[in-house]
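Biologist: I should like to understand how the terms used for a protein model are justified. Please set each value against its definition as we proceed.

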Amino acid sequence: MPLPGRAQEVTSGVRPGCRPLPRRRSCRPMAGGRARGSRRAVRLSEGGGLMARASRLLALWALAAVALPGSGEEGDGGWRPGGPGAVAEEERCTVERRSDLTYAEFVQQYAFVRPVILQGLTDNSRFRALCSREKLLASFGDRVVRLSTANTYSYQKVDLPFQEYVEQLLHPQDPTSLGNDTLYFFGDNNFTEWASLFRHYSPPPFGLLGTAPAYSFGIAGAGSGVPFHWHGPGYSEVIYGRKRWFLYPPEKTPEFHPNKTTLAWLRDTYPALPPSARPLECTIQAGEVLYFPDRWWHATLNLDTSVFISTFLG
């Protein structure tokens, strides 16, 4: 179970369960910037289907942007925008999925080496039911929550009632907004106030020696996400919606701007990446759990209005 008291918080320069990020390392894009003159045409050629892949992901965001919040079917808990003409799921996934993983295999093959998507190891159907839009508003609507800006460092904090966040701020990402203009509910949960919900969550069963788990709960609109950052190891489970992940190993610093959203990175940088600079990536579906090792760079993009919970191993 998580440590008693307050769950790990997002503080200035630190994401939940994070070490402070190296400012010089991630505050500026890699040498040469984002566009590199005539080399851009070469990159587009090398990238092959990256432009088409980015376009499909952007189309998923656009579909959500024209749907009404809370208009999803009952199976989506009232969170996921839906409607006719749904866009087909983007298919590229370079992270392995495992439904039969043992603890020994986890430690030997993934814990310190690479990410993995876990399937069917826990049953969180009860927790999922409690996370519907209707039930969360009924139970926690008047509770004050703390929002962070959706950039690499999350300096700014804004406190407001949970119901106000859901009804007024939980909308699709504006593609022209910068990260410090986008408020994001993730990480700053008062454990005592949310204990009635968290006690129904079953975390992934695989721990790491010398660590203790701590939860960070989040709800975010379609097209939102957090740009590249890194911290300690942990898990992220999608309860409702879908979340796209982009990951790089510690030794491979991605090309990004810390105050531009993942949506902007997907539109401006991703299509021109040469094969050697492409991330591992996959869309995590509701009920799936992604494990990420220590210090792995990662960025996220919510393809729908999404409810999710992370278990950080600190």
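Biologist: Why is Thr311 called buried in this predicted model?

Modeller: The relative accessible area of Thr311 is 3%. Buried means under 20%, so Thr311 with its 3% is buried. This residue is found in strand β12, which covers residues 306-313.

Biologist: Which residues is Thr311 in contact with, if its neighbours within four places in sequence are left aside?

Modeller: Thr311 is then in contact with Tyr201, Pro203, Pro204, Pro213, Ala214, Tyr215, Gly234 and Tyr235. A contact requires heavy atoms within 4.5 Å. As for Tyr291, it is 20 residues from Thr311 in sequence, and the two C-alpha atoms are 9.4 Å apart in space.

Biologist: Ala214 appears among those contacts of Thr311. How far apart are the C-alpha atoms of Ala214 and Thr311?

Modeller: They are separated by 5.5 Å, although the two residues are 97 residues apart along the chain. Ala214 has its place in strand β6, residues 213-220.

Biologist: What makes Ala214 count as buried?

Modeller: Its relative accessibility is 5%. The limit for buried is under 20%, and therefore Ala214 counts as buried.

Biologist: Tyr235 is another contact of Thr311. Why is the pair of Phe106 and Tyr235 called stacked?

Modeller: Two conditions must be examined. Rings pair if their centres lie within 6.5 Å, and the centres of Phe106 and Tyr235 are 6.3 Å apart. Planes under 30 degrees apart count as stacked; the planes here are at 25°, so the pair is stacked.

Biologist: Where in the chain do the two partners lie?

Modeller: Phe106 is in helix α4 (residues 103-109) and Tyr235 is in strand β7 (residues 234-240). The pair links distant parts of the chain, with the two positions 129 residues apart. Phe106 has 0% relative accessibility and Tyr235 has 2%. Buried means under 20%, so Phe106 counts as buried, and so does Tyr235.

Biologist: How many aromatic pairs does a search of the whole structure find?

Modeller: The search finds 31 aromatic pairs. In addition, one aromatic cluster is formed by Phe127, Phe140, Phe162, Tyr165, Phe185, Trp194, Phe198, Tyr201, Tyr215 and Phe217.

Biologist: Phe140 and Phe162 belong to that cluster. How is the packing of helix α6 and helix α7 described?

Modeller: Two packed helices are described by the angle between their axes and the distance between the axes. For α6 (residues 133-140) and α7 (residues 162-169), the angle is about 145° and the axes are 9 Å apart. Helix α6 contributes Arg133, Leu136, Leu137 and Phe140 to the contact, while helix α7 contributes Phe162, Gln163, Val166 and Glu167. These residues divide into five nonpolar, one polar and two charged.

Biologist: How do you know that Lys243 lies over the face of Phe308?

Modeller: Lys243 is at 3.6 Å from the ring centre of Phe308. The distance limit for a charge over a ring is within 6 Å, and Lys243 is listed as lying over the face of this ring.

Biologist: Why is Arg295 called partly exposed?

Modeller: Arg295 has a relative accessible area of 38%. Buried means under 20% and exposed means over 50%, with partly exposed in between; the value of 38% therefore makes Arg295 partly exposed. Arg295 is found in the loop between β10 (289-292) and β11. Its phi is near 65°, a positive value in a residue other than glycine.

Biologist: Strand β11 follows that loop. Is Ala299, which has its place in β11, buried or exposed?

Modeller: The relative accessible area of Ala299 is 1%, so Ala299 is buried. Leaving aside its neighbours within four places in sequence, Ala299 is in contact with Val226, Pro227, Phe228, Arg244, Trp245, Phe246 and Thr262. From Ala299 to Thr262 the C-alpha distance is 6.7 Å, and they are 37 residues apart in sequence.

Biologist: What share of the chain do buried residues make up?

Modeller: Buried residues make up 51% of the 314 residues in the chain. The chain has nine helices and 12 strands.

Note on methods: Residues numbered from 1 in each chain as written. Predicted model: local features only at pLDDT ≥ 70, side-chain atom pairs only at ≥ 80, totals over all residues. Heavy atoms only, no water. Axes fitted to C-alpha atoms, helices over the stretch in contact; angles between N-to-C directions. Helix = DSSP H or I, 4+ residues; strand = E, 2+ residues; numbered from the N terminus. Nonpolar A, V, L, I, M, F, W, Y, C, P; charged D, E, K, R; others polar. Phe/Tyr/Trp six-rings, centres within 6.5 Å; stacked < 30°, edge-to-face > 60°. Buried < 20%, exposed > 50% of the residue type's maximum accessible area, 1.4 Å probe, protein only. Lys NZ or Arg CZ within 6 Å of the ring centre and 35° of its normal.
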